[in-house]
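The following report describes one protein model together with its ligand. It begins with the ligand surroundings and then turns to a helix and to the aromatic residues.

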Amino acid sequence: MSFFAVENLSVRFGGIRAVDDVSFAVEQGEVFTIIGPNGAGKTTIFNLISRIYEPTGGRILFQGVDITHLPAHAVTQRGIARTFQNIELFANATVLQNLLLGRHTHRSTTLFEEVLFLPSVRRAERAHRRKVEEVIDFLDLQAHRDSLIAGLPYGVRKVVELARALCTEPKLLLLDEPSSGLNVEETEDMVFWIRDIKRLLGITVIMVEHDMSLVSKVSDRVLALNYGKPIALGAPGEVQRHPEVVRAYLGE
Ligand code: ATP
C-alpha cells in the first residue's frame, strides 16, 4: 500500500480533458514534484486532491483510505494541507491570527465549552498557541508575528502561507508553485524550508513547480504532464532530459 496514490484520475471541463487518466503513487517522506507546460493540468490535480473539484473518474487514496469523495474539511482533518499559487491569507489580520486560524481543524472543544471558557478550552487554547509558536520559530517568522499580512513583502507572505499549512500538522503537504513571485534569494530560502520540512518534520510533499533549479534541488521524483496526461516519471534530471518533456516545453 502506498502512502498516497491517485488511480486513473480524470476530470473534464466541457470538451477539455484537464486531467486524463492519471495514476501515480507517492511514498512516505518523499518530495514528489509535478511539472509540465502551462495548462498541463497540474493545479487541477491539486484541486481534485483537496476536493475543490469533483473527479469524473478514478480514485484518490491516502494511507489506504479512499478519500475521492470526502468533503474538503475531512481531507484536511485526515492530514492533507495545501498552499495556493496566489497566496490566500487574511490581509487585515496579523501573522499570528492567520496561523491560529490554521489551527481550527484541530478544535475539539464545543461551542458551549468555549462560551463558558472552561479549563478544557483554556488548555486547548494554550496547546494551539504552543504549536503556532513552534511553527513561527521553525520558519524564522518571529520578527513578523504581530505584523498585518497586508504590510508584509510578498516573499514573507509566501512563508506565512507555508506556516499556516504547517500549523494544521499535515502528514502530506501540497505546495502549489512555492517559488512563484520570489526572487533568487527567497527561492534559495524556499529550498531550505522544503528540505527541512521533509528532513526535520518528516512531512511528505507533493509540489507543483516551474523553477527547474528548485525542482532538481528538492525533489526525489518528478512526474511530467502534458495535456492532462503523464509523459515521464523518474529522477529530476532524467525527466527534464526526457525527449517528450523537452518537446512539450517547446510546444511541439
Ligand atoms: P499553469 O502552469 O499555467 O498553472 P496547470 O498545469 O496548472 O497550468 P491547470 O490550471 O490545471 O493547468 O489547467 C488545465 C486545463 O484545465 C487548462 O486547459 C485549463 O484552462 C482547464 N481548466 C482548469 N480549471 C478549469 C475550470 N474550472 N473550468 C474550465 N476549465 C478549467
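## Ligand shell

Ala, Val, Leu, Ile, Met, Phe, Trp, Tyr, Cys and Pro are classed as nonpolar, Asp, Glu, Lys and Arg as charged, and the others, Gly among them, as polar. On that basis, the shell around the ligand consists of five nonpolar, seven polar and two charged residues. The model is a predicted one, in which local features need pLDDT of at least 70, side-chain atom pairs count only at pLDDT 80 or more, and totals for chains, interfaces and linings use all residues. Residues are numbered from 1 along each chain as its sequence is written, and side-chain values use heavy atoms, with hydrogens and water left out.

A residue is near the ligand if one of its heavy atoms lies within 4 Å of it. Among the 14 residues around the ligand, those that come nearest are G39, G41, K42, T43 and T44.

## Backbone contacts and ligand burial

Polar backbone atoms of three residues lie at short listed distances from oxygen atoms of the ligand: 2.8 Å for G39, 3.0 Å for A40 and 2.9 Å for G41. The protein buries 65% of the 640 Å² that the ligand exposes when taken alone (accessible areas by the Shrake-Rupley method with a 1.4 Å probe; for residues, only the protein chains shown count as cover).

## Helix 1

Helix 1 spans residues 42–49 (helices are DSSP runs of H or I with at least four residues, numbered from the N terminus). Helix 1 gives the most to the shell around the ligand, with three residues.

Seven of the eight residues of helix 1 are buried (under 20% relative accessible area, with a 1.4 Å probe and protein chains only). These are K42, T44, I45, F46, N47, L48 and I49. Just after helix 1, R51 adopts a positive phi of about 65°.

## Aromatic residues

Rings of Phe, Tyr and Trp (its six-membered ring) pair if their centres lie within 6.5 Å; planes under 30 degrees apart count as stacked, over 60 as edge-to-face and the rest as tilted. The count by this rule is five aromatic pairs. One of them joins F24 and F32, which are stacked at 5.0 Å centre to centre with 15° between the planes. F24 counts as buried because its relative accessibility is 6%, and F32 is likewise buried, at 0%. One aromatic cluster is formed by F3, F4, F24, F32 and F62.

R195 lies over the face of F192, at 6.0 Å from the ring centre (NZ of Lys or CZ of Arg within 6 Å of the ring centre and within 35 degrees of the ring normal).

Note on methods. Buried means under 20% relative accessible area, exposed over 50%, partly exposed in between (1.4 Å probe, protein chains only). Helices (H or I, at least four residues) and strands (E, at least two) are DSSP runs, numbered from the N terminus. A polar contact is a pair of N or O atoms within 3.5 Å; within protein, one must be able to donate a hydrogen and the other to accept it, and residues adjacent in sequence count only if both atoms are side-chain atoms.
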